[in-house]
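User: Here's the model I'd like to go through. Start with how the pieces pack, please.

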Amino acid sequence: MRRGSAAGLREEEAGLWELTAVLKPDPPAASTMDEQPPDDPAESVGGGGVVTRGLDYEAGSLLTGINQHVPFYVIFFHYSHASSTNKASWFTANASKQILCLALAMSPEPKSATAACSPESRLELSESLRGDGRSPRRHAHSSSTSTMAAHDFNILLATDSYKITHYKQYPPNINNIYSYFECRRKKGSQLSEVVFFGLQYLLKKYLAGPVVTEEKIQEAKLFYQMHFKQDVFDEEGWRKLLEKHDGRLPIRIKAVPEGRIIPRGNVLFTVENTDPNFYWLTNYIETMLVQMWYPITVATISREFKKILAKHLKATSGSLEGLELKLHDFGYRGVSSQESAALGGAAHLVNFCSTDTVAGLLMAQRYYSCPMAGFSIPAAEHSTIISWGRNRENEAFERVLDQFSSGPVSVVSDSYDIFNACKHIWGDKLKERVMERSHDSCLVIRPDSGDPAETLIEVIKILEECFGCSVNAHGYKVLPSYLRIIQGDGIDLSSADEILQKLSDEGWSAENVFFGCGSALLQKLNRDTLNCAFKCSYVETNGKGMDVYKQPVTDPSKGSKRGRLSLRRNSDGLLETIERGAGKPEEDMLVTVFENGSLVKDYTLEEIRKNARLRDEDLEPALHNHKRELLHNHIINGIH
């Protein structure tokens with residue numbers, strides 16, 4: 001629910017306003033109705049946690065003596081004169097603390113505001129105002145099985161400003177708009193294919209269910225009137241949608257199954273309206289849908305890490321055992337928001353099971369039906385080490401070993417001198433304590449500064465001197481099973497590959513090391529990393545279809561696809577996009593996932609992980625490059 005007031009608006013801008021507030025109490029006796037607003041707004045709040053006064057602006061009276069144990073009473077505060085703004089400001093200062101404002105409408109009729117207060121809304125407000133400390137009910141985002149968008153999210157306000165005006169710009173009698181999303185191909189990019197992931201979250205959280213209400217229409221009307229300083233908002237169109245479709249979006253979205261690996265330059269999902277009256281809705285929701293670039297990019301980069309790790313692990317050990325734990329997500333603190341952490345963290349979990357980003361685990365639970373998608377171990381940070389003082393670093397290390405005697409534990413060891421710590425503390429003073437541990441309770445030493453490759457190689461040599469090593473079946477050295485290293489500083493795709501190659505050159509197996517990655521995994525990326533774009537490719541006017549496209553003379557790479565699209569696997573085994581409606585439905589890999597406000601396909605993380613698993617060509621670079629060349633030849637010969 002929104003909070004607000006008309007305070008501070010000029011009368012000619014605001015018209016006749018009404019502020020609807022839902023309270024529990026009945027009005028007091030008439031004898032208490034002649035007071036004036038207090039100088040100190042705080043005086044109006046009672047000890048029971050409920051507003052004890054309210055204003056009727058038209059009558060200029062006060063309501064007091066509220067009993068919080070009686071049923072709801074709905075009162076209307078409205079004003080029609082600029083002189084009332086001080087009173088409005090006073091009331092809002094109090095109302096924002098203790099009541100929920102349901103509507104701020106440009107209507108002189110009180111009934112228009114009460115219409116926005118459904119029985120379900122009143123029940124939730126009752127719970128939130130009862131003063132017993134319990135939280136009000138939550139909706140779509142509280143359960144993985146839910147298919148209703150968050151009730152306090154306004155889809156009408158979730159678009160770029162200029163899209164508010166686009167319904168006025170389309171040709172007369174247009175009745176269908178069809179658009180698509182892709183990650184454009186970029187020659188020479190390391191990222192030649194993408195992992196499709198994250199659409200289900202956006203649909204569940206923001207688009208599913210009745211997302212349009214009268215209250216939200218009024219909120220958007222007010223906002224855009226103030227924003228544009230003219231009447232451009234399509235109030236009539238949104239109200240028709242509310243009345244005809246019960247606030248559900250008449251949209252169909254077909255998409256690649258989540259987790260599938262798709263070469264860049266192919267369609268990933270399509271969007272079209274299902275009701276000809278709401279043709280403008282297809283591209284209205286572009287703003288939100290294009291934010292798919294983020295989980296797709298993170299999942300793609302995470303999988304590129306996995307390819308690099310798998311290549312070196314297989315080459316130096318002959319096995320991929322433990323691959324899913326080799327890259328740990330350190331990125332929670334380095335992203336821009338909680339939602340970024342959740343989306344990015346979950347995207348990494350498509351490929352790995354190792355993370356410290358709790359938000360990603362919660363998203364996987366709530367939106368992808370995975371009870372626990374990732375794991376972590378006890379670990380030290382610099383504060384837990386340096387709080388002992390420099391001269392007691394060995395005691396700090398020993399304390400960690402004592403507290404976590406079973407199970408793996410990680411200890412950051414570069415607070416002062418990583419090489420001294422490895423040689424004289426771990427390798428001498430605490431050597432016996434380290435050797436007491438096992439494969440299942442190994443010590444993981446973490447360097448956290450210096451040149452990543454040089455530091456790690458020096459550390460592993462010191463540990464070899466102190467603890468020895470063995471040689472595996474492929475002739476590469478391996479530290480004792482109770483001892484491993486994790487490198488989390490300065491890690492990206494390039495440095496990880498460099499470190500593993502240098503270790504291999506020095507005769508060390510990739511079994512010895514784990515990696516942590518933060519900003520390079522979740523933050524150092526943008527929409528242009530994969531050149532993500534959403535474009536219209538087909539329209540119908542008076543029932544007659546037309547393929548449409550853009551083809552800028554200044555940048556041919558930004559040319560768009562034409563007509564209705566499908567995705568198929570051709571006779572060479574390569575995925576290709578078929579344009580102009582020429583595809584065969586039985587070959588189309590795009591699946592309807594959303595239709596008329598309902599989620600019609602619900603993927604689990606387990607299914608997505610299977611779709612994203614590594615293939616043979618991912619471990620054989622020569623074969624992979626051959627397939628890339630075949631794909632490139634198809635593209636330049638106009639298959640798309």
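Helices, sheets and cysteines

Analyst: Helix H5 (residues 199-207) lies across strand S8 (251-255), S22 and S23, running at about 15° to S22. Contact here is heavy atoms within 4.5 Å; helices (H or I, at least four residues) and strands (E, at least two) are DSSP runs numbered from the N terminus. Angles run from 0 to 180 degrees between N-to-C directions, and axes are lines fitted to C-alpha atoms, for helices over the stretch in contact.

User: Anything I should know about the model itself?

Analyst: It's a predicted model, with residues numbered from 1 along each chain as its sequence is written. Local features need pLDDT of at least 70 and side-chain atom pairs 80 or more, while totals for chains, interfaces and linings use all residues; side-chain values use heavy atoms, with hydrogens and water left out.

User: OK, back to S22 and S23. What sheet are they in?

Analyst: An open one of seven strands, in the order S19-S18-S6-S10-S8-S22-S23, with antiparallel pairing. Two strands pair if DSSP finds at least two bridges between them.

User: Which strands are at the edges?

Analyst: Strand S19 (544-547) and strand S23 (598-599), each of which pairs on one side only. Strand S22 (residues 591-595) is joined to S23 by two bridges, and they run antiparallel. Glu-595 sits opposite Ser-598 in S23.

User: Big picture for a sec. How many helices and strands are in the chain?

Analyst: The chain has 22 helices and 23 strands. Of its 640 residues, 52% are buried, meaning under 20% relative accessible area (exposed is over 50%, partly exposed in between; 1.4 Å probe, protein chains only). Looking at contacts with a separation of 6 or more, 76% are between residues 24 or more positions apart.

User: What about the parallel sheet, what's the strand order there?

Analyst: S11-S17-S16-S13-S12: five strands in an open sheet, with parallel pairing. Its edge strands are S11 and strand S12 (409-412), each pairing on one side only. On average, neighbouring strands of this sheet are turned by 30° against each other, ignoring direction.

User: Why is S17 largely enclosed?

Analyst: Because four of the five residues of strand S17 (residues 513-517) are buried, the rest of the structure largely encloses it. Strand S11 (residues 327-329) runs parallel to S17, joined by three bridges, and His-328 has Gly-516 as its bridge partner there. Strand S16 (residues 483-487) also runs parallel to S17 with three bridges; Ile-485 is partnered with Val-513.

User: And over at the S12 end?

Analyst: S12 and strand S13 (residues 443-446) pair in the parallel sense over four bridges, with Ser-410 opposite Val-444 in S13. Helix H14 (residues 393-403) packs on the sheet and touches S12 and S13, its direction making about 170° with that of S12. Helix H15 (residues 418-429) packs there too, touching S12 and S13, at about 150° to the direction of S13.

User: Switching to helix pairs. How do H6 and H7 cross?

Analyst: The axes of helix H6 (residues 214-228) and helix H7 (residues 235-245) come within 10 Å and cross at roughly 170°. H6 and H7 are therefore roughly antiparallel, the label for angles over 145 degrees (under 35 is roughly parallel, 65 to 115 roughly perpendicular, the rest oblique).

User: Which residues make the contact?

Analyst: Glu-214, Ile-217, Gln-218 and Lys-221 of H6, and Glu-235, Trp-238, Arg-239 and Leu-242 of H7.

User: How many disulfides does the structure hold?

Analyst: Zero; a disulfide is a pair of cysteine sulfur atoms within 2.5 Å.

User: Why isn't Cys-183 bonded to Cys-532?

Analyst: Because the sulfur of Cys-183 is 3.6 Å from the one in Cys-532, its closest cysteine sulfur, and that's too far for a bond. Cys-183 is buried, at a relative accessible area of 2%.

User: And Cys-466, buried or exposed?

Analyst: Buried, at 14% relative accessibility. Its closest cysteine sulfur is in Cys-422, 8.2 Å away, so that's too far for a bond as well.

User: Last one: where is Ile-578?

Analyst: In strand S21 (residues 575-578). Ile-578 counts as buried at 12% relative accessibility. Apart from neighbours within four places in sequence, Ile-578 contacts Arg-564, Leu-565, Ser-566, Arg-568 and Gly-583. Asp-588 is ten residues from Ile-578 in sequence and 9.2 Å away in space, C-alpha to C-alpha.
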